[in-house]
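Work through the three exercises below. Each has a task, then a solution in steps.

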Amino acid sequence: MNNKPKPISQPESDKYWNGLKNKEIWIQKCKTTNKYQFYPRVHCINCTENDIEWVKISGEATLFSFAIVFLAPTPAFTDDVPYINALIKLKEGPIIPTNLVNINPDPEKIKIGIKVKPVFEKIDENLTLLKFEPSEQTSN
Ligand SMILES: [Zn+2]
């Protein structure tokens, strides 16, 4: 189904969304503290300097936490359940809420801390979503 809610474009996040269309992940980094932040903001969450730059990252990450969704939150997600909501911890530090895909939604098979890699899910010409999948196929 195609009537899922979509992210609403914001000037401070356009760089992120445009990067995903090209299968690139861009996040913000503070030039003063060298700390990264996600989601994109107009200000720095680590200090008061607001000297932020955009950097392209590899998407190397691990599974920080997850929940398996069995009951669709709206009818638009009925065909997707069960699916996995996940918190993905980037190598650079920030944690991204997204979906873990290409793995059985079985709590016995999914392990916190497994390595994951990005999946770029093209929704339409204007929107590509960043999801993650296990880096190595486990025995499921
Ligand atoms: Zn800062």
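Domain bounds here come from an automatic or database domain assignment. The model is predicted.

**Exercise 1. Describe the two domains and the contact between them.**

Step 1. Take the bounds: domain 1 covers 10-57 and domain 2 covers 59-140.
Step 2. Place the centres. Over C-alpha atoms, those of domain 1 and domain 2 lie 22 Å apart.
Step 3. Count the contact. Domain 1 gives 10 residues, and domain 2 gives 10 residues.
Step 4. Look at the side of domain 1 that touches domain 2. Helix H1 (14-21), strand E1 (25-30) and strand E2 (36-37) supply at least two residues each.
Step 5. Sort that side by residue class: six nonpolar, three charged and one polar.

**Exercise 2. Find the strand order of the open sheet that holds E1, E2 and E3.**

Step 1. Start with one pair. E1 and E2 are joined by two bridges, in the antiparallel sense.
Step 2. Pick out a bridge: lysine 29 partners tyrosine 36 in E2.
Step 3. Find the edges. E2 and strand E3 (52-57) each pair on one side only.
Step 4. Write the order: E2-E1-E3, with antiparallel pairing.

**Exercise 3. Which strand gives the largest share of the largest nonpolar core?**

Step 1. Size the core. It has 11 residues, among them Ala61, Ile88, Val116 and Phe132.
Step 2. List strands that supply at least two residues each: strand E4 (61-69), strand E5 (83-90) and strand E6 (95-100).
Step 3. Choose. E5 gives the largest share, four residues.
Step 4. Check one member. Beyond four places in sequence, alanine 61 contacts Ile88, Lys89, Leu90, Lys91, Val116 and Phe132.
Step 5. Add context. Nonpolar side chains tend to be buried together in soluble globular proteins.

Note on methods: Residues are numbered from 1 along each chain as its sequence is written. This is a predicted model: local features need pLDDT of at least 70, side-chain atom pairs count only at pLDDT 80 or more; totals for chains, interfaces and linings use all residues. Two residues are in contact if their C-beta atoms, placed from the backbone, lie within 7 Å. Ala, Val, Leu, Ile, Met, Phe, Trp, Tyr, Cys and Pro count as nonpolar, Asp, Glu, Lys and Arg as charged, and the others, Gly among them, as polar. A nonpolar core is a set of buried Ala, Val, Leu, Ile, Met, Phe, Trp, Tyr and Cys residues joined through C-beta atoms within 7 Å. A residue is buried if 20 or more other C-beta atoms lie within 10 Å of its own, exposed if 12 or fewer, and partly exposed in between; C-beta atoms are placed from the backbone. Two strands pair if DSSP finds at least two bridges between them.
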